[in-house]
Amino acid sequence: FYFYVVTQLDGNHRGTGTGTGTGTWQPEERARIVGYFSKEKVSSEGYNLACILTFPQYQKAGYGKFIISLSYQLSRREGKP
């Protein structure tokens with residue numbers, strides 16, 4: 001199986017200065033897992049996906065459709081129908 005993890009980057013800004021307006025701001029990004037999917041290396045049935053999951057708090061945000069679309073794009077790159 002091939003396993004893929006889908007993440008969302010959350011950009012936070014943390015100040016490193018003294019609070020007087022002279023400090024520098026550095027972006028800090030954290031990746032949050034929103035879902036994953038797996039594909040069989042060789043599928044005798046020709047299936048594109050083996051397993052797909054979107055975590056509940058990210059459902060209805062379009063990630064399921066994105067994961068399915070991504071899996072088809074990967075299959076095309078692999079030369080599979």
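Trainee: Is phenylalanine 37 buried or exposed?
Mentor: Phenylalanine 37 is buried, because its relative accessible area is 0%. Keep in mind that this is a predicted model.

Trainee: Which residue forms an aromatic pair with phenylalanine 37?
Mentor: Tyrosine 4 does, with 4.8 Å from centre to centre and 15° between the planes. That pair is stacked.

Trainee: Where in the chain do tyrosine 4 and phenylalanine 37 sit?
Mentor: Tyrosine 4 is in strand 1 and phenylalanine 37 is in strand 2. They are 33 residues apart, so the pair links distant parts of the chain.

Trainee: And how is tyrosine 4 classed for exposure?
Mentor: Tyrosine 4 counts as partly exposed, because its relative accessibility is 24%. The cut-off for buried is under 20%.

Trainee: How many aromatic pairs does the structure hold?
Mentor: Three. Another of them joins phenylalanine 1 and phenylalanine 3, whose ring centres are 6.1 Å apart. Their planes stand at 40°, so this pair is tilted.

Trainee: Are those two phenylalanines, 1 and 3, buried or exposed?
Mentor: Phenylalanine 1 and phenylalanine 3 are both exposed.

Trainee: New topic. Where is lysine 39?
Mentor: Lysine 39 belongs to strand 2, which covers residues 25–39. Lysine 39 counts as buried because its relative accessibility is 3%.

Trainee: What does the side chain of lysine 39 reach?
Mentor: One target is the backbone oxygen of serine 71, at 3.3 Å. The side chain of lysine 39 also makes a polar contact of 2.7 Å with the side chain of serine 75.

Trainee: Which residues does lysine 39 touch?
Mentor: Leaving out residues up to four places away in sequence, the list includes Phe1, Tyr2, Tyr4, Asn48, Leu49 and Glu78. Ser71 and Ser75 are on that list too.

Trainee: Back to the surface. Which residues make the nonpolar patch?
Mentor: Val5, Ile33 and Tyr36 make a nonpolar surface patch of about 270 Å². Valine 5 lies in strand 1, residues 2–15. Valine 5 counts as exposed because its relative accessible area is 56%.

Trainee: What pattern does the whole chain follow?
Mentor: Along the sequence, the pattern is β-β-β-α. That comes to one helix and three strands.

Trainee: How much of the chain counts as buried?
Mentor: 19% of the 81 residues. The accessible surface of the chain is about 6,400 Å², and 54% of that belongs to carbon and sulfur atoms.

Trainee: What share of the contacts comes from residues 24 or more positions apart?
Mentor: Among contacts with a separation of 6 or more, 47%.

Technical notes
Residues numbered from 1 in each chain as written. Predicted model: local features only at pLDDT ≥ 70, side-chain atom pairs only at ≥ 80, totals over all residues. Heavy atoms only, no water. Patch = residues over 30% accessible without salt bridge, like charges linked within 9 Å, V, L, I, M, F, W, Y side chains within 5 Å. Areas by Shrake-Rupley, 256 points an atom, 1.4 Å probe, with all protein chains shown as cover. Salt bridge = Lys/Arg side-chain N within 4 Å of Asp/Glu carboxyl O. Helix = DSSP H or I, 4+ residues; strand = E, 2+ residues; numbered from the N terminus. Buried < 20%, exposed > 50% of the residue type's maximum accessible area, 1.4 Å probe, protein only. Polar contact = N/O pair within 3.5 Å; in protein donor to acceptor, adjacent residues only side chain to side chain. Contact = heavy atoms within 4.5 Å. Phe/Tyr/Trp six-rings, centres within 6.5 Å; stacked < 30°, edge-to-face > 60°.
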